[in-house]
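Work through the exercises below with the model open. Try each task before reading its solution.

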Amino acid sequence: MTTLQPGSNKPAALSNASQYLKFMSSACLADAGRLFGCTNYKTGTQTMENTLEVFDRLVRDLLADEAQNPVAEHVPSGKVYERLDLKLQNEGISASELEASLKDLIFTSPRTATNGFFNQLFGGRQDKAILGDLLSVILNNSMATYKAAGPQIAVEKAVLREVCDMISWGPESDGTLAPGGSMTNFMGMLMARDAFNETTRFAGVHQKMTVYTSIESHYSTPKNAAFSGIGRDNVRMIATDTKGRMDNAALRKAIQDDIANGFHPVLINCTAGTTVLGAFDNLVEAAAIAKEFNIWLHVDGAYGGSVLFSDTYRHLVEGVELVDSFTINAHKMLGTPLSCSLIVVKNKKNLHNSFSNDASYLYQTDHDGFNPGKTSIQCGRRNDALKLWALWKSVGTNGLQDIVNTQFDLADTGRDYVRNHPDYTDYSVDDTVAVCFNYKGIPATDLCTALYEHSELLVGYGSFREDTFVRLVTINATNETQDILNFFKTLETFVAENPELLSA
Ligand SMILES: Cc1ncc(COP(=O)(O)O)c(C=O)c1O
């Protein structure tokens, strides 16, 4: 084996760069094999290399099967422990038994990357993002300190800087990543609470604080109000207009009424892409109200915030530079694996004020700018930035724009289909990536559940005002026009073969 020179991490014999790289990669593999080798410590045979081979095999088999069967076998929740061997036991199992077990499990898990999955606000696979995510698993850095994550911190900072620049925010802006939009929205709420009264962080909530969000907004707002001590009862659910956008006149009135009654409004939460309809609140109007009453304005762009990347659809978040904080989920519209949720904030001092805490056992080198644990809601933190960085680096900002625009094009295809076929009733709003409809008057709840139970399609339903409808989300940018048309064809054939649905 090649030996290392004392005090150097470079073997003496290896002078040129390519030789060195070759050496390092083989040395790393060998080390990885030794370090992580014994998945079964009794036999001690399974090296990391073997494990990667198993991974490769499982993934290839899965992808091949997905190509034939876009929807996995439906395993009813009541039967899952009968159908799969999930029981844990004292003794380990052999590598081949484990592989078989894992294969059975992944083959029966819902397939979210195929053209049969339209159920939620994520889907598809962007392979370069997956590459980044897999590498972050291997590296297993914790994104609290530069000491533990090194250049990965700079990767995260580069991503956040670019997003802040796109909003035209200056050097005072910054951001962080947290595990999901509910959590980044939570961070926005905490900053709003503390910006209103910075003693809250120490003394606890001792004022009657209120929060404003539309009735169409995501359930994380009331949930987060409970977590933050503001309280669910102090969330004012503001009415929307006929297109699902927050009624800003009603917002203003609610704030005025609360102030008159001795409450302290601390947060207006706007939504860029409401969960069901995909509506975008008017940020310019909301920002004027926030300024008038000196209230923190957060935008929940978990679903639709990525329109920032599109010259064509950026107008949907017009005024975003006026807000205080903004959530974007790259794991929704940009197609990275779960989870990749960013929150950017106009003034980084708010992040620091709400989230920093000294810990001498953790922060031992470098400075706050490279120790993002000081602006994080977590301690140990997964590297969620690398997947977005790898995708972004690979396709460029123009490629991200294409990913976003494709989803809008697919939604146009869906809406056109619905609007041109008399068996469908359309409930969609324009300029978004959701297509909302009913077919032949079949209750959406029955139709979606039947499609799921028969392993035909995964699609969900939603409600707006009195209507409940199927919600087809075209967020998988790897789909093509034909995939959307096939969706309708599959649905229609299924109904024709199951006429009992029509009489429900
Ligand atoms: C508008 C909106 N905000 C927040 C969230 C929550 O995001 P996450 O699932 O990443 O917690 C969602 C999820 O669908 C959403 O639609």
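The exercises cover the ligand shell, the domains, the nonpolar cores and one buried leucine.

The model is predicted: local features need pLDDT of at least 70, side-chain atom pairs count only at pLDDT 80 or more, and totals for chains, interfaces and linings use all residues. Residues are numbered from 1 along each chain as its sequence is written.

**Exercise 1. Describe the shell around the ligand and the helix that gives the most to it.**

Step 1. Count the shell. The ligand is surrounded by 16 residues, and the closest are Gly180, Gly181, Ser182, His218 and Ala302. A residue is near a molecule if its C-beta atom, placed from the backbone, lies within 6 Å of it.

Step 2. Sort the shell by type. Twelve residues are polar, three nonpolar and one charged. Here Ala, Val, Leu, Ile, Met, Phe, Trp, Tyr, Cys and Pro count as nonpolar, Asp, Glu, Lys and Arg as charged, and the others, Gly among them, as polar.

Step 3. Find the helix. H8 (residues 181–196) gives the most, with three residues. Helices are DSSP runs (H or I, at least four residues), numbered from the N terminus.

Step 4. Check burial. In H8, 15 of the 16 residues are buried. Buried means that 20 or more other C-beta atoms lie within 10 Å of the residue's own, with C-beta atoms placed from the backbone.

**Exercise 2. Locate the largest nonpolar core relative to the domains.**

Step 1. List the domains. The assignment gives domain 1 (18–111), domain 2 (131–387) and domain 3 (392–503). Such bounds come from an automatic or database domain assignment.

Step 2. Find the core. It has 114 residues; Leu267, Ile268, Leu297, Leu388, Phe437 and Val470 touch the most other members. A nonpolar core is a set of buried Ala, Val, Leu, Ile, Met, Phe, Trp, Tyr and Cys residues joined through C-beta atoms within 7 Å.

Step 3. Trace its source. Helix H14 (residues 385–420) supplies the largest share, 14 residues.

Step 4. Place the core. Domain 2 and domain 3 both give residues to this core, so it lies between them.

Step 5. Look for a separate core. A second one has five residues, including Ala144 and Tyr146.

**Exercise 3. Is Leu451 buried or exposed?**

Step 1. Find its element. Leu451 is in helix H15 (residues 444–453).

Step 2. Count neighbours. Leu451 is buried, because 23 other C-beta atoms lie within 10 Å.

Step 3. List contacts (C-beta atoms, placed from the backbone, within 7 Å). Beyond four places in sequence, Leu451 contacts Glu456, Leu457, Val459, Leu491 and Phe494.

Methods:
Helices (H or I, at least four residues) and strands (E, at least two) are DSSP runs, numbered from the N terminus. A residue is buried if 20 or more other C-beta atoms lie within 10 Å of its own, exposed if 12 or fewer, and partly exposed in between; C-beta atoms are placed from the backbone. Two residues are in contact if their C-beta atoms, placed from the backbone, lie within 7 Å.
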